[in-house]
Amino acid sequence: MAASVYRLPDEPLPSGLSRYAVDPLWPMLTLMLAGNGFGLAWFAFNGFALGSPTRGRELALLALNLAGAIALLWLLGALSQAGWLPRQYMEYALLSVITLKLATGYALYMMQQRCFELWEYYGGMARNGLPLLILATLFARRLFDLQWPALLRMVLE
């Protein structure tokens, strides 16, 4: 008789990267302070490190964040060029891009937080993400000061 293994649907899967897992608060703060690119990259890595069972949905949210920002920027540019969006309202319209980035970042945080709590309950030891947050925040502005294509810069900032 084969032994069946019972698994919780939210149970983290073992990962060789688990020693690098951090509380999802740190990638969320990095997204807010150092930029969308750094935060999303850290969320993706942390999902793999935690062995998150919702990793597919997390990666889909990450793709939605990037594709949505590109689509919104393209739409706002097209509306501005067509004259439907006056220049004085463009700064307010660009808040929709920031809102999309923060909302998807918060959704990623909420997904990983559930998995992180289970992972930590069963003995996982989280790393402190503060040093990496400080480094990313200090060097992000210098990195974005380089000559990047404007659309890529606006999506990753």
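This dialogue works through a helix pair, a pocket and two cavities in a predicted model.

Q: How are two packed helices described, and what are the values for α1 and α2?

A: Two packed helices are described by the angle between their axes together with the distance between those axes. Here the axes of α1, residues 25-33, and of α2, residues 36-50, come within 6 Å and cross at roughly 165°.

Q: Are α1 and α2 roughly parallel or roughly antiparallel to each other?

A: Angles over 145 degrees count as roughly antiparallel, and α1 and α2 are therefore roughly antiparallel to each other. As to handedness, α1 passes α2 in a left-handed crossing.

Q: Which residues of α1 and α2 meet?

A: From α1, the residues Trp26, Pro27, Met28, Thr30 and Leu31 take part, and they meet Asn36, Phe38, Gly39, Leu40, Trp42, Phe43 and Asn46 of α2. Sorted by class, the residues of this contact comprise eight nonpolar and four polar, with no charged residue.

Q: What is the volume of the largest pocket, and which residues line it?

A: The largest pocket has a volume of about 210 Å³, and its lining is made up of Leu31, Met32, Leu33, Ala34, Gly35, Asn36, Ile98, Lys101, Leu102, Arg141, Met154 and Glu157. Two helices, α1 and α4 (90-121), each supply at least two residues of that lining. Leu31 and Asn36 belong to this lining and also to the contact of α1 with α2.

Q: How does the lining of the largest pocket divide by class?

A: The lining of the largest pocket has seven nonpolar residues, two polar ones and three charged ones.

Q: How many cavities of 30 Å³ or more are there, and what lines the largest cavity?

A: A cavity differs from a pocket in that the probe fits inside but cannot get out, and by this rule the count comes to two cavities of 30 Å³ or more. The largest cavity holds about 50 Å³ of space and is lined by Asp10, Pro53, Thr54, Met111, Arg114 and Cys115, of which three are nonpolar, one is polar and two are charged.

Q: Which helices supply the lining of the second largest cavity?

A: In the second largest cavity, with about 40 Å³ of space, α2, α3 (55-81) and α4 each supply at least two lining residues, and the largest share, four residues, comes from α3. The lining consists of Phe43, Ala44, Gly47, Arg55, Glu58, Leu59, Leu62, Leu108 and Gln112, which divide into five nonpolar, two polar and two charged residues. Phe43 lines this cavity and is also one of the α2 residues that meet α1.

Technical notes: Residues numbered from 1 in each chain as written. Predicted model: local features only at pLDDT ≥ 70, side-chain atom pairs only at ≥ 80, totals over all residues. Heavy atoms only, no water. 1 Å grid on protein atoms, 1.4 Å probe; cavity = no way out; pocket = protein on both sides within 12 Å on 5 of 7 lines; lining within 4 Å. Points joined across faces, edges and corners; volume = space filled by probe spheres on them. Nonpolar A, V, L, I, M, F, W, Y, C, P; charged D, E, K, R; others polar. Axes fitted to C-alpha atoms, helices over the stretch in contact; angles between N-to-C directions. Parallel < 35°, antiparallel > 145°, perpendicular 65-115°, else oblique. Left-handed = near helix turned anticlockwise from the far one by under 90°. Contact = heavy atoms within 4.5 Å.
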